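Colleague: I am new to this structure and would like to see how some of its labels are justified. Could we go through a few side-chain contacts?

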Amino acid sequence: MAREDAAGLLAYPAEAAVDVALRDGSSVRLRPVATADRAPIRAFYETLSSDSIVFRFFGVANLDRAADWSVDVDYADRYALVATAGSAHAVIAHGAYIRLGADHAEVAFVVSDGWQGRGIATIMLGQLAAVAERHGISVFTAEVMPSNQRMIQVFRDSGFPVEVRAKDGVIEIELPTSLSEDARQRFEEREQISALAAVRSFLNPRSVAVIGASRRRKTVGAEILGNLISRGFTGPIYPINPHANALQGLPAYASIADAPEVAELAVIAVPGAEANDVARACGGAGVNALLVISAGFAEAGAAGTARQQELLGICRDAGMRVIGPNCLGVLNTAPDVRLDATFAADTPPPGNLGFFSQSGGLGIAMIEAAGRLSLGISSFVSAGNKADVSGNDLLEYWEQDPATDVILLYLESFGNPRRFARIARRVSATKPIIAIKSGRSAAGARATSSHTGALISASDITVGPRDPVRRHLPGERPRRRRAVRRGPGRAGRLPGARSLARQSDRHDRDRLGRRLPPRDRGAGGTRRV
């Protein structure tokens, strides 16, 4: 909440600025309006189509007066938000409310024509309603032209209980600012849609570019390119290397901009000091998702933390999502995808286990053991420093993934523990979740921090020894067990205990052993979890 300044007025609520995910998986910056935004908002209004101007201002508007009004806020009775995007932080949407009485206010929005339909107005409505409720406003009203059916539908689909009536040639809309259970569910559904779209670009991309692909085998870039080719990725692969014309039988390109099409996923395997320049080029080329294998970020001290924050800013400005940095990669064993964007030497057989790991070392060990024990994996994600896409996003993706029946999480930290608890409670109703939390003792923390920067991220919250992650959330009864598909081969424990033991303490190892399933040579070669 905004604080009062010396004059008793509410100061600028800088803490309210957030990055929000849209329906297509991209992201924009949402923040309160400041006086300095007048010129950018004026420029934004000039870009709007004539229909958008008429719908917003009910006719031809004086844009100078509209810009003045748009920044006339006190952060209580008059509150406004802007959404910005791109490296220039251009304004792409404006939303505001103005108190009209003791407990009610008028609300209005306008979104750039090219950004409409992605959920920005709905997110603004939810943010404005939360602020208004804190300031004693319980009812929002809005006037919409009858022909502006798109905005009317925004209110209807918001989840808020909406009253709609026609009066004096306009549509009057009224809704409470408090979130009903239906509204909360609608916002959760939108959150899930955003997560699905974001993760899909990593696990089911139309095309992949490997930046840092090399002629020298056994280098990370060469191994990732080799795995993509040898595992039979079903989409186009574009090796990027300014010093090669061809790599492993594929044409090579000097830069991401020289590829014949915009790659949906770009894998960055260059030295950490060069990674941000590469990310900036990917954003300029229109890449959707970045998989940053490179190290030298938050796991490498203060300079690396600053580099990681810069990387995240570059991705936010371009609307890209990022997995990593300092990670092993991702894979998807689905026969219509066959994506292996890792530098692991082995690949697991297809199956129904979704696996998320913050540790690349553990990921390699598990992939090797899964192949040796014929334990089928549907998809795997190594998050590394977990700068952006997290285990929460993967939970929401696997909840809807028909190829995944069981979810395994190896976690070193929780970026948003409340969101994790909420999502895990919902997902575990239909799909078992096995969650292993490491780094809960001094020895374990030293081991985990040696290969990931997640534990030293200022926004992360780690769970201490008194707060274990349990297989079932408190108050819940254990769910029906579900089989993990596996191919022919000998039965055994879920792999990973030995490899985990090398990097965690005895307490963590004992907890892992208690969570793992017993040996089971059931019919059909299945092992039950």
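Colleague: What makes the contact of arginine 419 with aspartate 393 a salt bridge?

Modeller: This is a predicted model. The N to O distance between the side chains of arginine 419 and aspartate 393 is 3.4 Å. The cut-off is within 4 Å, so the pair qualifies as a salt bridge.

Colleague: Which parts does the pair of arginine 419 and aspartate 393 tie together?

Modeller: Arginine 419 belongs to helix α12 (residues 417–427) and aspartate 393 to helix α11, so the parts tied together are 26 residues apart in sequence. Arginine 419 and aspartate 393 are both buried. Through shared partners, salt bridges join these two residues with Glu188, Glu191, Glu396, Glu399, Arg422 and Arg426 into one network.

Colleague: Why is arginine 321 called buried?

Modeller: The relative accessible area of arginine 321 is 8%. Buried means under 20%, so the label applies. Aspartate 388, at 11%, is therefore buried by that cut-off too. The side chains of arginine 321 and aspartate 388 form a salt bridge, at 2.8 Å from N to O. Arginine 321 lies in strand β15 (residues 321–323) and aspartate 388 in the loop between β19 (377–382) and α11 (391–400), so this pair links parts 67 residues apart in sequence.

Colleague: Why is glutamate 174 called partly exposed?

Modeller: Glutamate 174 has a relative accessible area of 27%. Partly exposed lies between under 20% and over 50%, so glutamate 174 fits. Its salt-bridge partner is arginine 165, with the closest N and O atoms 3.4 Å apart. Arginine 165 is at 35%, and is therefore partly exposed as well.

Colleague: How many salt bridges does this rule give?

Modeller: The count is 30.

Definitions and conventions. Residues numbered from 1 in each chain as written. Predicted model: local features only at pLDDT ≥ 70, side-chain atom pairs only at ≥ 80, totals over all residues. Heavy atoms only, no water. Buried < 20%, exposed > 50% of the residue type's maximum accessible area, 1.4 Å probe, protein only. Helix = DSSP H or I, 4+ residues; strand = E, 2+ residues; numbered from the N terminus.
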